[in-house]
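Please work through the exercises below with the coordinates open beside you, and attempt each task before reading its solution.

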Amino acid sequence: MKKNALMIALFTTLALSSCYEDKSTLPENSFDGVELNITEEEKIIRVGYKEQLDIVPNITKNGKADDAGLTYEWAINLFPGWSKMEYEVIGTEKELHTVLNNDVNVDSYYLRLLVTDTQHDDLQYSFLYQIFVQPSMFDGLLVADTKDEQ
């Protein structure tokens, strides 16, 4: 009797486990995700010290220009180069319109766009821009005058 009950339990277990179909690798469950449509050259931006920086990213979700369920965070590192990657958030909208107060430097700052897809368990996508902060004037003539002519 125990042997028959054990055989029935084993057969039932095997039968139920063989009916399970793993759908995690089937193509109908995949999604394209979020993409930033930009060339490598467009990821390098030169801006003058204390001048306006405007970036309007072309972002697609699942191959369409649909940004439903997406949140944005723009952050720039505080120090130029890769030595210290401490970021300061400078925007939370899709488009970035800001004046950079970073010091002029020959090394680039890194501007990170972090896109969070709230419809897919807060899946995050990170995109980097290289920002070179340059002096507002490179060369020219400076004329100085005083009121007492000294």
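The exercises that follow concern a predicted model, and they go from the whole chain to a sheet and then to single residues and charged pairs.

**Exercise 1. Describe the chain as a whole: which elements does the chain have, and in what order do they run?**

Solution. Begin with the inventory, which comprises one helix and nine strands. Reading from the N terminus, the order is α-β-β-β-β-β-β-β-β-β, with the helix placed ahead of the strands. Next, consider burial and surface: of the 150 residues in the chain, 27% are buried, while the exposed surface amounts to about 11,100 Å², of which carbon and sulfur atoms supply 54%. Finally, turn to contacts: among those with a separation of 6 or more, 63% are between residues 24 or more positions apart.

**Exercise 2. Work out the five-stranded sheet: what is the order of its strands, and which are the edge strands?**

Solution. The sheet is open, its pairing is mixed, and its strand order is β2-β9-β8-β5-β6. The edges are β2 (44–48) and β6, since each of these pairs on one side only. Neighbouring strands in this sheet are turned against each other by 35 degrees on average, with direction ignored.

Now follow the pairings one at a time. Strands β8 and β9 (residues 123–134) are antiparallel and share nine bridges, and here Leu113 faces Phe127 of β9. On to β5 (residues 70–77), which runs antiparallel to β8 (residues 109–117) and is joined to that strand by seven bridges; Ala75 has Arg112 of β8 as its bridge partner. Four bridges then link β5 to β6 (residues 87–91), again in the antiparallel sense, and Asn77 is found opposite Tyr87 of β6. As for the covering of β5, six of its eight residues are buried.

**Exercise 3. Classify Thr98: is this residue buried or exposed?**

Solution. First locate the residue, which belongs to strand β7 (residues 96–99). Then apply the cut-off, by which a residue is buried when its relative accessible area is under 20%. Thr98 has a relative accessibility of 16% and therefore counts as buried. For its surroundings, set aside the neighbours within four places in sequence; the contacts of Thr98 are then Glu51, Gln52, Leu53 and Ile90.

**Exercise 4. Examine the charged pairs: how many salt bridges does a search of the whole structure find, and which side chains form them?**

Solution. The principle to keep in mind is that side chains of opposite charge can pair when their charged atoms come close. The search finds three salt bridges, and each may be taken in turn.

- Glu40 and Lys43 meet through their side chains, with an N to O distance of 3.5 Å. Glu40 is exposed, at a relative accessible area of 55%, whereas Lys43 is partly exposed, at 24%.
- Asp117 pairs with Lys61, their closest N and O atoms lying 3.3 Å apart. Because Asp117 belongs to β8 and Lys61 to β4 (residues 59–61), this pair ties together parts that are 56 residues apart in sequence. Both Asp117 and Lys61 are buried.
- Arg112 pairs with Glu73, and the closest N and O atoms are 3.4 Å apart. Since Arg112 lies in β8 and Glu73 in β5, the pair ties together parts that are 39 residues apart in sequence. Glu73 is partly exposed, with a relative accessible area of 26%.

As a last step, return to Arg112, which appears both as the bridge partner of Ala75 and in the salt bridge with Glu73.

How values were computed. Residues numbered from 1 in each chain as written. Predicted model: local features only at pLDDT ≥ 70, side-chain atom pairs only at ≥ 80, totals over all residues. Heavy atoms only, no water. Buried < 20%, exposed > 50% of the residue type's maximum accessible area, 1.4 Å probe, protein only. Helix = DSSP H or I, 4+ residues; strand = E, 2+ residues; numbered from the N terminus. Pairing = 2+ DSSP bridges. Contact = heavy atoms within 4.5 Å. Areas by Shrake-Rupley, 256 points an atom, 1.4 Å probe, with all protein chains shown as cover. Axes fitted to C-alpha atoms, helices over the stretch in contact; angles between N-to-C directions. Salt bridge = Lys/Arg side-chain N within 4 Å of Asp/Glu carboxyl O.
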